[in-house]
Every structure is written in structure tokens, then in C-alpha cells.
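Please read the following report with the sequence and the three-dimensional structure side by side, and look up each residue as it is named.

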Amino acid sequence: MNSFIQQAGLGDIFDKINNAERLSLEDGRRLYECPDLLAVGWLANFVRERKNGNQAFFIYNQHINYSNICTNLCKFCAFGKEKGHEMAYEMSIAQIKEKVRERLDEPITEIHMVGGIHPELPYSYYLAALRAIKEVRPDVHIQAFTCVEIQHLADLAGKPLEATLEELKAAGLGSLPGGGAEVFSPRIRELTCPKKLDGAGWRRVAQTAHRCGLKSNATMLYGHIETIDERLEHLDALRRAQDETGGFLTFIPLAFHPKNTGLSDLSRTTGVNDLKNIAVARLMLDNFPHIKAYWVMIGPKLAQVALSFGADDMDGTVKEEIITRMAGGESEQALGHNTLIRLIKEAGREPVERDTLYEALRRY
Ligand code: V47
């Protein structure tokens with residue numbers, strides 16, 4: 001083993017990783033507190049390469065945020081607006097279709113669609129939105145509706161989660177994105193998003209989706225008022241859920257952007273904090289196949305570096321992301337296909353264009 005791992009005091013953690021043993025919450029705490037970022041990153045990279053070799057995945061995708069009208073109005077969110085607010089909007093089904101049609105000439109394989117918890121849109125709107133996308137682009141994979149939205153749709157439909165998910169699936173839903181998880185801690189939820197579906201509810205929806213044959217992602221919003229222990233409990237809860245249903249594809253740490261939020265007095269996350277969260281997540285989430293460095297939130301340059309700190313995926317072309325931009329995100333609106341490939345190649349990795357379920361479509 002590298003002597004610098006010993007010098008960083010992480011020799012026993014390396015032994016566990018090398019023997020594919022699960023890390024404890026105490027191990028996680030030591031990793032977060034270790035001042036030697038390169039040592040933590042080296043360990044994460046060791047696991048990253050064991051799981052995914054030299055591959056770095058990306059996808060040709062499109063984001064659609066159908067409405068920002070939301071009844072939850074979480075403190076950390078600059079996107080959600082009350083109905084009647086001057087910046088509130090909602091897309092008609094025709095407008096959603098138009099958004100898809102506008103980019104028919106591009107080889108998009110995934111549409112990522114999420115929105116707020118709208119007080120009035122009927123259940124039929126969501127089914128119609130899925131069907132409309134499929135009508136315009138029949139082969140696209142629709143990754144839509146966070147677990148929070150899915151619970152809302154089941155409530156609207158007055159049906160059990162299973163029946164709602166089956167109906168959404170029949171209308172075109174392919175998988176669930178990872179948003180809305182925030183930090184599961186009841187303390188954090190009470191302080192930042194008291195109206196939102198709680199952590200147990202979020203995991204119940206994700207696990208029900210897995211049992212219905214739908215894969216999903218998971219996120220953690222870090223860099224606001226959460227403690228290291230609360231982050232670790234969040235990771236541990238995801239790890240236990242994954243042990244049971246195995247349907248999570250990727251974990252995405254989301255760097256908090258404070259501008260225009262109810263927590264705007266806080267500072268933005270730092271590069272070290274961003275890389276640490278990616279690395280510790282890679283080490284703790286031993287049963288998650290992928291860790292995503294979401295360039296929209298940490299910037300393309302740091303996302304590129306993150307490919308050596310545990311991440312094996314850079315998300316995709318994106319275009320027109322609103323949630324981060326409203327909260328002061330300064331990344332470009334879209335990354336070209338060639339830019340993603342160059343970022344990955346320069347990081348010494350093999351660019352692999354994937355579909356939503358991580359089937360390799362093309363290697364560069
Ligand atoms: O659900 C809200 C978070 C999420 C802020 O599944 C904020 O592959 C930072 O979940 N600063 C939406 N984050 C984004 C998301 C996502 C993005 C890319 C890929 C995937 C995936 C998922 O953003 C929300 C919320 O958790 N969020 N406000 C903010 N101010």
C-alpha cells in the first residue's frame with residue numbers, strides 16, 4: 001500500500017476497502033475529517049477503478065422543467081414559486097411537445113423532466129406529458145418525477161404507489177431521477193423543507209419503484225446547515241435501501257447554491273468540500289454502481305477533476321437547466337458533445353456515451 005495512505009492515518013480503511021469490507025459511519029467520519037484530500041481521493045479512485053475501470057460515462061440528454069409552481073417552497077430552493085408569483089410558470093402539454101420537437105435533430109437519448117409540487121395540475125396532466133414526449137420522440141428514455149412528485153401523483157390519483165407507478169410506466173416513464181432526497185435528517189427537513197415528503201417516504205417511493213422494475217437515482221444536497229453526521233446517516237440510509245431493492249443506479253452529491261434562497265447568507269461550497277463529498281460517497285456507497293459529478297452544480301472543470309476522486313459519470317449535455325441557475329449557478333447552459341469528450345479524455349479517462357441504464361452506446 002502507498003505509504004502516504006498510512007501517513008494520512010487511513011491504513012486500516014484501505015485494508016477494509018481492499019478486502020471489500022463495508023465502511024462504518026466512524027470510518028466515514030474519519031474520511032470527512034481527514035485533511036489529506038489526496039489520500040481520501042486516492043482511496044475513492046481505487047474503488048472507482050475497481051468498479052468502472054477507466055471508463056467515464058456521459059449521456060446526450062435534455063432537461064425539461066415543466067413548472068416551477070410549488071406548494072413546498074423549501075428554504076434552500078430558488079426555483080419553486082407560489083402560484084401567482086410574477087416568475088411562476090407552467091408549460092402546457094403543447095409547450096412540452098414543442099420543447100422536444102425543437103431538438104429533434106440532436107441525438108438525445110434521455111429526457112430528464114422534473115417540476116414543483118403544483119397545487120392544481122391534475123393527475124391526467126402528468127400522464128399526458130409523458131405520452132406527449134413519447135409521441136414526438138418515441139425512442140427516448142424519460143427519466144422523470146422525483147420521489148416527492150411521485151408521492152404527490154399517487155395522492156392525486158387516489159391510488160396506491162404501485163398502481164400509480166404502473167400507470168406512469170405505461171404512459172412512458174422509464175426511470176426516476178434522484179432529486180428531492182435533500183438530507184434525510186428530520187432536523188434538516190424541519191428547518192429547511194417541513195412540507196416536503198420525509199426521508200422515509202422518499203425511500204419508500206424509490207424502493208416501490210425498484211420493485212415495479214423502475215431504476216432510480218439518489219441525491220444529497222450538501223453544503224448548507226447539515227452536519228457531517230447527518231450526511232453520513234443519509235448515505236447509510238441509502239446504502240441500506242440499496243441492500244434491500246438494488247434499484248439505484250447512481251448517486252449525485254448536489255452542491256448547495258445559496259443565491260435567491262432562504263439561506264442566502266450562506267457561502268457557496270468550496271472545491272475541497274465538493275471533492276470530499278464525491279470521494280466519501282464513493283467509499284461509503286459500496287453497493288451503488290455509479291457516482292455522478294454533476295458539472296452544472298460544481299462546474300465542468302471540477303467535474304473533470306472529480307473523475308479521479310471517485311466519480312465515473314459527468315451527467316450530460318443538459319441544456320436549459322433552471323434549478324441551479326435560479327440559485328446563482330454560473331456554469332454554461334449546455335456542454336457540447338465534443339466538449340464532454342475532451343474534458344474526459346484530458347482527465348485520462350475513456351469517454352463512454354451511455355444510455356440512462358448505463359448501457360454503453362459509443363466509446364471514444
Ligand atoms: O431536487 C434545489 C436540488 C434537485 C438547490 O438523478 C438544489 O441524475 C443546489 O436532482 N442548490 C434537482 N441544489 C436536481 C437533481 C438532479 C440533477 C441532475 C441529475 C440528477 C439525476 C438529479 O436540486 C432538487 C433539489 O434537491 N436543489 N435547490 C440549490 N439551491
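## Cysteines

A search through the whole structure turns up zero disulfides, a disulfide being a pair of cysteine sulfur atoms within 2.5 Å. Cys70 is in no disulfide, and the nearest cysteine sulfur, that of Cys74, is 6.1 Å away. Cys77 is likewise in no disulfide, with the sulfur of Cys74 as the nearest cysteine sulfur at 6.2 Å. This is a predicted model, in which local features need pLDDT of at least 70 and side-chain atom pairs count only at pLDDT 80 or more, while totals for chains, interfaces and linings use all residues. Residues are numbered from 1 along each chain as its sequence is written, and side-chain values use heavy atoms, with hydrogens and water left out.

Is Cys70 buried or exposed? Cys70 counts as buried because its relative accessibility is 12%, where buried means under 20% relative accessible area, exposed means over 50%, and partly exposed lies in between (1.4 Å probe, protein chains only). Cys77, with a relative accessible area of 26%, is partly exposed.

## Helix H4

Helices (H or I, at least four residues) and strands (E, at least two) are DSSP runs, numbered from the N terminus. Helix H4 covers residues 37-52, which makes 16 residues, and from its first C-alpha to its last it reaches 21 Å, close to the 22 Å expected at 1.5 Å a residue; the expected span is 1.5 Å times one less than the number of residues. Among the buried residues of H4 are Leu37, Val40, Leu43, Val47 and Arg48. Their cover includes helix H1 (3-7), helix H2 (11-18), helix H3 (25-33), strand S1 (55-59), helix H12 (271-284) and strand S8 (290-291). H4 is followed by Gly53, whose phi is positive, near 60°.

Trp42 also has its place in helix H4, but this residue is partly exposed, with a relative accessible area of 27%. Leaving aside neighbours within four places in sequence, Trp42 is in contact (heavy atoms within 4.5 Å) with Asn2, Phe4, Ile5 and Phe14. Trp42 and Gly310 are 268 residues apart in sequence, and their C-alpha atoms are 8.4 Å apart in space.

## Around the ligand

Which residues come nearest to the ligand? Of the 24 residues around the ligand, Phe76, Gly178, Glu182, His257 and Lys292 come nearest, and a residue is near a molecule if one of its heavy atoms lies within 4 Å of it. The table lists three atom pairs between the ligand and the protein; a polar contact is a pair of N or O atoms within 3.5 Å, and within protein one atom must be able to donate a hydrogen and the other to accept it, while residues adjacent in sequence count only if both atoms are side-chain atoms.

| Ligand atom | Protein partner | Distance |
|---|---|---|
| nitrogen | polar backbone atom of Phe76 | 2.8 Å |
| oxygen | polar backbone atom of Gly179 | 3.4 Å |
| oxygen | N or O atom in the side chain of Lys292 | 2.6 Å |

Taken alone, the ligand exposes 620 Å², and the protein buries 96% of that; such areas come from the Shrake-Rupley method with a 1.4 Å probe, and for residues only the protein chains shown count as cover.

## Single residues

Thr192 lies in helix H9 (residues 186-192) and is buried, with a relative accessible area of 1%. Apart from neighbours within four places in sequence, Thr192 is in contact with Cys74, Lys75, Phe76, Ile225 and Leu263, and a polar atom of its side chain lies 2.7 Å from the backbone oxygen of Ile188.

Glu106 is found in the loop between helix H5 (93-102) and strand S3 (110-114), and at 17% relative accessibility it counts as buried. A polar contact of 2.9 Å joins the side chains of Glu106 and Arg103. Not counting residues up to four places away in sequence, Glu106 touches Tyr60, Arg137 and Lys319.

Most residues other than glycine have a negative phi. Phe145, although not a glycine, has a positive phi of about 65°; Phe145 sits in the loop between strand S4 (141-144) and helix H7 (147-157) and, at 0% relative accessibility, counts as buried. Asp315, which is not a glycine either, has a positive phi of about 65°. Asp315 belongs to strand S9 (residues 313-316) and is buried, with a relative accessible area of 5%.
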